[in-house]
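Reader: I should like a close reading of one part of this model, set out in connected prose. Please begin with the smaller matters of composition and then move to the packing of helices.

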Amino acid sequence: MNSYVPILVLGALSLGFAVVSIGAGALTGPKRYNRAKLDAYECGIEPTPQPVGGGRFPVKYYLTAMLFIIFDIEIVFLYPWAVHFDALGIFGLVEMVLFIVTLLAAYAYVWRRGGLEWD
Amino acid sequence: MNGTLLASPEVSGFGGDPWWLVVIKAVAIFVFLVVMTLFAIWAERRVVGRMQQRIGPNRVGPFGLLQSLADGIKLALKEDIVPKAADKAVFILAPIIAATPAFLSFAVIPFGPEVSIFGHQTRLQLTDLPVAVLYVLAVASVGIYGIVLAGWSSGSTYPLLGGLRSSAQMISYEVAMGLSFVGVFLYAGSMSTSEIVNAQAHGWYAVLLAPSFVIYVIAMIGETNRAPFDLPEAEGELVGGFHTEYSSLKFALFFLAEYINMVTVSALATTLFLGGWRAPWPVSLWDGANQGWWPVLWFVAKLLMFLFVFIWLRGTLPRLRYDQFMKLGWKVLIPAALGWLLLVATVRALNTEYNFDTREIALYGGIAAAALIAVTFVWDLIAARRDEESAVEHEPEEFDAMAGGHPVPPMPGQSKPALTGVGATTTAAGPDHTATEDDR
Amino acid sequence: MTISGSTLVALAAAGTPTGTATGTGEAVLFWLLAPIAVLASLGMLFSKKAVHSALLLALTMLCLAAFYLAQDAPFLGVVQVVVYTGAVMMLFLFVLMLVGVDSSDSLVETLRGQRIAAIVAALGFGALLVFSIGDVVVSNAGLATANADGNVQGLAALIFSRYVFAFEVTSALLITAALGAMVLAHRERIERPLNQRQLSEQRFRGGVHPAPLPGPGVYARHNAVDTPALLPDGQPADVSVSRVLLARGDVRKAPGADVVVRDASEIERPGDDQ
């Protein structure tokens, strides 16, 4: 438990700093109202009207995020495996090779289908 | 310590500091990071200035050292604008989410060995966890939220695109980064930073695991959105990226977070691959080099070296295109990291299980790797030439309206032939219209 | 769900022979974070904006991670942040921004039997939780034994020996996820993308305007990019204003020019012919 207390202290310190500077920014700066200032910045043109619920992202990013989850989970398995590797020995190696090869099949499929091509 | 927990999952030597020491260390880390940020901004402008045959800021304080401080004060005196279309709560929350985790990663970075502070023996490290490196990744992944939310909450087009790109970029490179650590854990047998530094007493992992190190260095530059991977802020395309709509100290917080992240990834590279606070070779011959407060000097020197590389790259390389960047991350770094990881694990297993000589394995492994690289290189050349040829030859084929026995619309690049005959004009009036629409 | 889950975990931890009583620090943490977690999950249910819901869910997950850490499961706690807060919630956020959902969107269910399937799955999951946690409460080795070689090592020893089949099956699950993502989000490319050289050749062979287009006329009066620049003969340069603005009808007349600009469709621009 005691190992986490220092993290909390540092976290409180940095959170306090961030909150105070945002508060301070509102106080120290001038306030001169101007309608154009509050518009979205689009290099000088009238801002593009935003669709309801915010803008929309290309669907392509969904694939990126999904692939990220897959590899993230792989990493989460790899870390304890690596730490405990010497005790697991050859059996551990074979297990992980099987796991990685299975995932590589998915990776190869996505690659071949062009899922890793960006514009 | 809680006496009831015999096997408390703590790294030995940590968790026993009195409260005042914890506060001193936390404040010291905080001040160190803020000073490093101010210094790094100044150094970047000076060094890039030199590289571009300019002088750089030299007016405020000696050598312009106080320039970043002056800039900070200037930012504080700017108007704090919250755009009309913004989601106010999230807009204000985003810089806090970006800045706070940036500081937190440094809690597990070792600055030096055990020293005496006011008669109290303690490590020069705020704390350590058995999962310290994973903790750094976790904190970094929280920091990405700041960027996504900043982009989304601004209610403006450029920040939205910039934030999206930024986060996609960071998560892509986080994978390569995470994979590059595995080799280190394999050899150190631990994820705790202090134990990884201890494990490097007889050789740095940057030498032993050179490919891991290279992959990490590339990934860390991508992860911090720095040149040549600074696409989220590609001025020519996206204005300022996710922080376009931010001003005053909110903007300053994003700036701070970016530079602290630079310092953090550099510190992590130092810790995992360059022996942490251990003295570099010629100095390490001196017995006292790894004792007392000297290691802080070696640590900071290695850190500054990485920061210089960051600045150097910015002064040297042009920005990558988005597709090139993603290709590098997903098609080069990740397979390379996986392949290297399997190689390392195999060598390690053979070494421990069958007592193979490491040099023998290294020799044969090296030959095999060189052969593999040569083969892929030749294959790449052939593939590139084939691509070139097929691209030149690739003229749009003649449009066959009944390809495969079914009526089909033209593919992109194909044009529909002019219709002839009497029947065609009447029957094809409707489809004709849609076909030209598709052509565009 | 949150309350019951965390209290059960707390019970499981309290039932271990080594930690019969919850430590003060742990109790303080629990009573501080549990209300936050509950409030955040309630907020997630009732907040109007989807992104706010997602953020509150992330907060709940962070609180859960803190509980895991407090119960001497550092690996689980940190992984909770890396995978759930970092990756899964990021996917959620992407999806929310992707489709731009809002409370104003219609809530018609397109999948039939979705609710029933959800209830069945929830019941199954609940049963799984009750039985597995109940099993741990009744008979367990204790934290000291579990963490004897260190938390991560102990976990690795279990995953890669006793639960190796489950571990390998996970990879099949991940493949399914990859396939699903491809089916949902991948758009097949039917033509080869042009490379740098081809783009460059196309630009010059088109013969219209290989160099960058002229900038708009800049008159320090207002948002000036909507005013065309003037050619030497005093005519407005059509190509100097954005096509988007022309289409929107936002283009102003340049001072001294007779005409605004021609209709957007009449202007020939480089790259239009492809």
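What percentage of the 119 residues in chain A is buried? Please start there, and then look closely at how the helices of chain B pack.

Author: The model is a predicted one. In chain A, 43% of the 119 residues are buried. Chain A contains three helices and zero strands, and its pattern along the sequence is α-α-α.

Chain A also touches chain B, and that contact draws on 59 residues from chain A and 75 residues from chain B. On the side of chain A that touches chain B, α1 (5–28), α2 (60–83) and α3 (85–112) of chain A each supply at least two residues. The most comes from α1(A), which gives 17 residues to that side. Sorted by class, the side of chain A that touches chain B holds 37 nonpolar, 14 polar and eight charged residues.

Within chain B, two helix pairs can be examined in detail. The first is formed by helix α8 (residues 210–223) of chain B and helix α13 (residues 322–354) of chain B, whose axes come within 10 Å and cross at roughly 150 degrees. Angles over 145 degrees count as roughly antiparallel, and α8(B) and α13(B) are therefore roughly antiparallel to each other. Their crossing is left-handed. From α8(B), the residues in this contact are B:Pro211, B:Ser212, B:Ile215, B:Ile218, B:Ala219 and B:Gly222. They meet B:Gly329, B:Leu333, B:Ala336, B:Ala337 and B:Trp340 of α13(B). By class, the contact of α8(B) with α13(B) comprises eight nonpolar residues, three polar residues and no charged residues.

The second pair is helix α1 (residues 19–51) of chain B with helix α10 (residues 248–273) of chain B, packed at an angle of about 100 degrees with their axes 9 Å apart. This angle makes α1(B) roughly perpendicular to α10(B). On the α1(B) side the contact involves B:Leu33, B:Met36, B:Thr37, B:Ala40 and B:Ile41. On the α10(B) side it involves B:Leu256, B:Tyr259, B:Ile260, B:Met262 and B:Val263. By class, the contact of α1(B) with α10(B) has nine nonpolar residues, one polar residue and no charged residues.

Helices from both pairs recur around helix α12 (residues 294–316) of chain B: what covers the buried residues of α12(B) includes α1, β1 (112–117), α8 and α10 of chain B. The buried residues in question are B:Pro295, B:Trp298, B:Phe299, B:Lys302, B:Leu303, B:Phe306, B:Leu307, B:Phe310 and B:Ile311. The length of α12(B) can be checked as well: at 1.5 Å a residue, its 23 residues should span 33 Å, and the end C-alpha atoms are 33 Å apart, which agrees.

An exposed position may be set beside these buried ones. B:Lys88 lies in helix α3 (residues 88–104) of chain B. B:Lys88 is exposed, because 11 other C-beta atoms lie within 10 Å, and a residue with 12 or fewer counts as exposed. B:Lys88 and B:Ile24 are 64 residues apart along the chain, and their C-alpha atoms are separated by 36 Å.

Chain C completes the account. Chain C has 10 helices and zero strands, and 28% of its 274 residues are buried. Among the contacts in chain C with a separation of 6 or more, 52% are between residues 24 or more positions apart.

Key:
Residues are numbered from 1 along each chain as its sequence is written. Chains are lettered from A and ligands numbered from 1 in the order in which they are written. This is a predicted model: local features need pLDDT of at least 70, side-chain atom pairs count only at pLDDT 80 or more; totals for chains, interfaces and linings use all residues. Two residues are in contact if their C-beta atoms, placed from the backbone, lie within 7 Å. Helices (H or I, at least four residues) and strands (E, at least two) are DSSP runs, numbered from the N terminus. Ala, Val, Leu, Ile, Met, Phe, Trp, Tyr, Cys and Pro count as nonpolar, Asp, Glu, Lys and Arg as charged, and the others, Gly among them, as polar. Axes are lines fitted to C-alpha atoms, for helices over the stretch in contact, and angles run from 0 to 180 degrees between N-to-C directions. Angles under 35 degrees count as roughly parallel, over 145 as roughly antiparallel, 65 to 115 as roughly perpendicular and the rest as oblique. A crossing is left-handed if the near helix is turned anticlockwise from the far one by less than a right angle, and right-handed if clockwise. The expected span of a helix is 1.5 Å times one less than its number of residues. A residue is buried if 20 or more other C-beta atoms lie within 10 Å of its own, exposed if 12 or fewer, and partly exposed in between; C-beta atoms are placed from the backbone.
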